[in-house]
Amino acid sequence: MALFSVLFFLFLASSSVSAAPCNPLCLHKSKAGYFPLSKAVIPSGACGYGSIAKSFNKGYIAAGIPSLLGENGVACGSCLHVTCKNKTLCRGTGTNVVLTCSLPKIKDLANIDLILSDRAYISMAAKGKARELLALKTVDVDYIRVSCEYMNHNLSVRVDKSSKKPDHLVLTFLNQGGQTGIYMVTVYAQNNFTRVERDMDHKRGAVWEMKNALQGSLSFRLFVYSGYDRSFVYSNKDLPADWKVGKIYDLGVQMNDRIDKRDGCIPNCTD
């Protein structure tokens, strides 16, 4: 499946650098290309965000190799700091991007780990060098996972268009901060004097589903991984009983946990 309808204007170049198999917290060396954000058609794909991904991080987004998205896309929405290594054309400080979808497995992309939005790609350019950097189409980069910060935005859910009242609820989690992964979602509903709970099924990426959905206003408990650490995160605001398809609901909580790096790095990660 094509990643974007216009992705392959990139004129991708070959490289001897292969996708690093090491811990995302370690420094990776690879190549990155770019796509035009204004013309891109972003599919739901492995993460499930769809076109809303264009608004993430002011458009500083990226597609990455499947290993960066984790098992079944659990690392979708994670953040990377990407640094261009071309000392002539780049300013050297790099830029932060949000991973919003997976790169397709095709030969032309075999040696490239990331495709950045053109906005993110240009931001790495030295003053007056943006046109020259764009002309390269691909560039050598270092990248490493960093904490996502959403100072003014709480963890939220979007009711997916595949939801159908009253008993089929599909949610996409947005603004997942820190260096975290959601591994379980439990939903609570108050039924008269009894609290009823049910686990959601993980469809893919940031998308969770519940068939025979609980009725009434719903609260959430998330089982969250952050490296070796495990924790529960509870919503402070409920999904209302009259939820509407396509609408985004604020859960009133932020996730800011960071991985403590005890996982270590596989040898030769940056070779």
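User: Let's start with Lys29: is this residue buried, partly exposed or exposed?
Analyst: Keep in mind that we're looking at a predicted model. Buried needs under 20% relative accessible area and exposed needs over 50%. Lys29 comes out with a relative accessible area of 32%, so the residue is partly exposed.

User: Which residue does the side chain of Lys29 meet in a salt bridge?
Analyst: Look from strand 1, where Lys29 lies, across to strand 6. The pair ties together parts that are 113 residues apart in sequence. The N to O distance is 3.2 Å, and the partner is Asp142.

User: And Asp142, is that one buried or exposed?
Analyst: The cut-off for buried is under 20% relative accessible area. Asp142 has 8% relative accessibility, so the residue counts as buried.

User: Which other lysine forms a salt bridge with Asp142?
Analyst: This partner lies in the loop between strand 3 and strand 4 (95-102), so the pair ties together parts that are 57 residues apart in sequence. The lysine counts as partly exposed, at 42% relative accessibility. The closest N and O atoms are 3.3 Å apart, and the residue is Lys85.

User: What is the N to O distance in the salt bridge of Lys244 and Asp242?
Analyst: Both ends of this pair sit between the buried and exposed cut-offs of 20% and 50%. Lys244 is partly exposed with a relative accessible area of 49%, and Asp242 is partly exposed at 45%. Their side chains meet with an N to O distance of 3.9 Å.

User: Which residues do salt bridges with shared partners join into one network?
Analyst: Asp142 meets Lys29 in one salt bridge and Lys85 in another. Those shared partners make one network of Lys29, Lys85 and Asp142.

User: On to the cysteines: how many disulfides does the structure hold?
Analyst: Cys47 pairs with Cys76, Cys79 with Cys148, and Cys84 with Cys90. The structure's total is three.

User: How many residues apart are Cys47 and Cys76, the pair that links distant parts of the chain?
Analyst: Their sulfur atoms are 2.0 Å apart, and the link is left-handed, with -80 degrees about the S-S bond. Cys47 is in the loop between strand 1 (28-35) and strand 2 (61-64), while Cys76 is in the loop between helix 1 (66-69) and strand 3 (79-84). Along the chain, the two are 29 residues apart.

User: Is the link of Cys79 and Cys148 left-handed or right-handed?
Analyst: This disulfide has an S to S distance of 2.0 Å. It links Cys79 in strand 3 to Cys148 in the loop between strand 6 (139-146) and strand 7 (156-159). Both cysteines are buried. The torsion is 120 degrees about the S-S bond, and the link is right-handed.

User: Why is the disulfide of Cys84 and Cys90 right-handed?
Analyst: The two cysteines are both buried, by the way. Their sulfurs lie 1.9 Å apart. The handedness follows because the torsion about the S-S bond is about 60 degrees.

User: Which cysteine holds the closest sulfur to that of Cys101?
Analyst: Cys101 counts as buried, at 2% relative accessibility. A disulfide needs sulfurs within 2.5 Å, and here the distance is 6.5 Å, too far for a bond. That closest cysteine sulfur belongs to Cys47.

User: In what order do the six strands close into a barrel?
Analyst: The pairing in this barrel is mixed, and the twist averages 45 degrees from one strand to the next. Five bridges join strand 1 to strand 6, which run antiparallel. The barrel order is 1-5-2-4-3-6.

User: Which are the edge strands of the open sheet?
Analyst: Four strands form this antiparallel sheet in the order 10-9-13-14. Within the sheet, strand 9 (residues 181-191) and strand 13 (residues 218-226) pair over eight bridges. An edge strand pairs on one side only, and these are strand 10 (194-199) and strand 14 (229-234).

User: Which element has the lowest mean pLDDT?
Analyst: The chain averages a pLDDT of 84, and 83% of the residues score at least 70. Residues 1-22 are below 50, as are residues 266-271. Among the elements, strand 7 has the highest mean at 98, and the lowest, at 89, belongs to strand 14.

Note on methods: Residues numbered from 1 in each chain as written. Predicted model: local features only at pLDDT ≥ 70, side-chain atom pairs only at ≥ 80, totals over all residues. Heavy atoms only, no water. Buried < 20%, exposed > 50% of the residue type's maximum accessible area, 1.4 Å probe, protein only. Pairing = 2+ DSSP bridges. Axes fitted to C-alpha atoms, helices over the stretch in contact; angles between N-to-C directions. pLDDT = per-residue confidence, 0-100. Contact = heavy atoms within 4.5 Å. Salt bridge = Lys/Arg side-chain N within 4 Å of Asp/Glu carboxyl O.
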